[in-house]
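Here is a short briefing on a ligand site and one strand that contributes to it. Keep the structure open while reading.

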Amino acid sequence: MVHEITEKESINEWFSKRTWSVSGNRVGAGEEDVIDTKAERVVFPRDTEEVSQILSSLPPSQPVAVVCGGHSSSNTSTVAVANAVVVDLQNLNSVSVDEEKMEVTAGGGVTFRSLAEAVGDADGALPIGTGDTVGVTGYLVNGGISGYFGRRLGMLGQRVIELTFVTADGVIKILSPSSSSDEDSTLFNSVLGAGSALGVVTSVTLKMESGSSFQSGGQVIVPCGTQDSAKRFARLALSFLRDSVLPDESVSMELVVTADFTCISTFIFYDSFKFDPISYVNPIRDAATAGNVPIVVDNVTQWNTWLEAASCLWPIIKEMKGNPLVRMDHSMGTTTYPDDDLLNFIANEWIGGVPLEDASQSIVEIRTLGGAALSGEKLPSGNCSSLVFADMIIAYDANGKSVDERRSIKNSVDCVVSLAREQKDVQVDFSATHSQADDPPVTTARDRGIEIFGSEVKYEQIRHAKQKYDAKNRFQCHPFTSFLS
Ligand SMILES: Cc1cc2nc3c(=O)[nH]c(=O)nc-3n(C[C@H](O)[C@H](O)[C@H](O)COP(=O)(O)OP(=O)(O)OC[C@H]3O[C@@H](n4cnc5c(N)ncnc54)[C@H](O)[C@@H]3O)c2cc1C
């Protein structure tokens with residue numbers, strides 16, 4: 001018997017445990033003070049066969065929502081839709097490593113902490129995301145990107161060598177890049193950017209890189225104190241990011257601005273980096289001097305292993321909480337080198353215009369991408385082709401915030417995102433992992449699909465896969481709901 005919960009009270013308890021944050025669009029509009037799940041029941045399969053049994057036993061029109069880590073910014077699968085059966089994959093939590101082949105296999109419910117620890121123990125490396133509690137498959141099936149490791153190791157999806165996939169009617173498929181039929185190899189590729197709309201991934205095998213692909217890494221931390229000061233420092237840091245880091249694929253840089261206007265410049269030096277890391281970042285020190293702001297941490301070689309770098313944000317993310325924590329994610333990115341106007345916009349508006357003081361758990365991140373992620377196998381994800389990627393995670397504790405305050409935060413954020421759309425040569429909210437799926441559409445479904453899946457060809461590929469594998473739209477709780485059914 002598959003364990004399940006059906007009592008409304010237990011389902012609500014499950015919801016509050018499994019939902020990391022609630023969408024700022026819901027509480028920000030002031031319409032919903034208490035956010036609940038619409039799920040009719042929640043089931044907890046223990047293996048692929050049980051997932052298959054669940055799906056094949058349900059009426060074809062019954063919606064199914066899949067939960068891995070529960071971090072979707074718009075609560076696509078934990079809030080779900082009326083009559084939905086939620087398949088919570090938390091029991092599919094095994095991780096096994098084949099050190100000889102440098103492969104790691106993770107169950108569909110594994111989160112990044114256990115994957116990272118197993119990979120680190122094997123002296124391996126993977127392009128993982130920054131949050132330890134984020135679901136590995138939830139990241140993978142929506143085209144997740146690694147700001148720290150993507151330039152050297154590509155996207156996680158580009159490292160998948162096999163995945164187990166269950167279709168809407170319960171058929172189990174083992175997919176790989178060399179699947180025997182063209183249909184299956186196209187499905188394999190489709191799952192790595194749009195899998196949340198197509199079926200359930202119950203396990204994934206990834207090719208690790210050697211831990212020696214990572215040379216060293218660390219941070220320069222500059223508490224700027226005020227938004228104006230953070231804007232000035234960030235503008236200089238962004239010039240360094242574009243002019244020195246972007247052309248050099250042996251290093252990556254991420255500039256994070258926190259809600260108290262601390263600017264954290266993180267550098268990851270890969271095995272091919274040939275310079276002295278300490279003097280390489282002199283322009284960041286110069287930017288602090290020019291802005292008359294202190295440097296409180298200056299240690300760009302503080303991490304000696306891939307795992308130390310991969311886990312550096314875990315303690316900070318652990319402190320992000322609320323009752324509930326409210327969140328809105330947005331992104332903008334370029335496929336070419338950004339010009340001065342765009343860097344000015346990022347400093348003045350993307351950093352300077354968002355309500356960081358009011359949403360006190362927010363962060364703004366600007367990262368270098370490209371490199372292996374760009375040159376590798378094309379996945380159906382806008383994340384693939386980005387060179388400079390700026391996102392904002394606007395987050396605050398709902399407790400104690402009035403409806404007007406919440407609405408004002410949401411309006412300020414919406415305003416900056418609209419301004420971003422007016423910039424030239426930039427894509428906005430093109431990333432399935434860094435946008436609000438519950439935002440009202442601003443373009444046609446087709447244009448949205450092309451943006452999110454990265455090209456017209458990929459959009460058509462996903463539409464075709466949706467028709468073929470989920471024509472009845474059983475899987476409708478995913479980031480693509482507004483334009484793919
Ligand atoms: C602190 C934090 C750090 C983050 N860092 C990064 C980062 O560095 N890079 C990045 O790209 N993103 C990052 N993200 C965004 C994150 O990758 C996405 O929100 C991701 O989709 C969350 O996956 P999840 O499994 O935790 O969430 P869930 O809400 O459980 O799942 C998200 C979506 O994927 C579907 N899904 C989940 N598992 C499966 C499965 N096995 N089969 C089919 N569908 C499935 C769900 O139905 C849902 O629609 C971060 C988010 C947070 C909160």
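## Ligand site and strand β11

Of the 35 residues around the ligand, those that come nearest are Val66, Cys68, Gly69, Gly70 and Ile145. The model is predicted. Domain 1 (3-88) and domain 2 (95-211) both give residues to the shell, so the ligand lies between them.

**Polar contacts and cover**

- A polar backbone atom of Val66 sits 2.6 Å from an oxygen atom of the ligand.
- His71 also offers a polar backbone atom, 2.9 Å from an oxygen atom of the ligand.
- Thr137 uses its side chain: a polar atom there lies 3.0 Å from a nitrogen atom of the ligand.
- On its own the ligand has 960 Å² of accessible area, and the protein covers 97% of that.

**Make-up of the shell**

- The shell holds 14 nonpolar residues, 20 polar residues and one charged residue.
- At least two shell residues come from each of β4 (64-67), α4 (76-79), α6 (136-140) and β11 (200-207).
- The most comes from α6, which gives three residues.

**Strand β11**

- Seven of the eight residues of β11 are buried, so the rest of the structure largely encloses this strand.
- Strand β7 (residues 103-107) runs antiparallel to β11, and five bridges join the two.
- Within that pairing, Ala106 has Val204 of β11 as its bridge partner.
- Strand β9 (residues 160-166) also pairs with β11 in the antiparallel sense, over six bridges.
- Here Val166 stands opposite Val200 of β11.

Methods. Residues are numbered from 1 along each chain as its sequence is written. This is a predicted model: local features need pLDDT of at least 70, side-chain atom pairs count only at pLDDT 80 or more; totals for chains, interfaces and linings use all residues. Side-chain values use heavy atoms; hydrogens and water are left out. A residue is near a molecule or strand if one of its heavy atoms lies within 4 Å of it. A polar contact is a pair of N or O atoms within 3.5 Å; within protein, one must be able to donate a hydrogen and the other to accept it, and residues adjacent in sequence count only if both atoms are side-chain atoms. Accessible areas come from the Shrake-Rupley method with a 1.4 Å probe; for residues, only the protein chains shown count as cover. Helices (H or I, at least four residues) and strands (E, at least two) are DSSP runs, numbered from the N terminus. Ala, Val, Leu, Ile, Met, Phe, Trp, Tyr, Cys and Pro count as nonpolar, Asp, Glu, Lys and Arg as charged, and the others, Gly among them, as polar. Domain bounds come from an automatic or database domain assignment. Buried means under 20% relative accessible area, exposed over 50%, partly exposed in between (1.4 Å probe, protein chains only). Two strands pair if DSSP finds at least two bridges between them.
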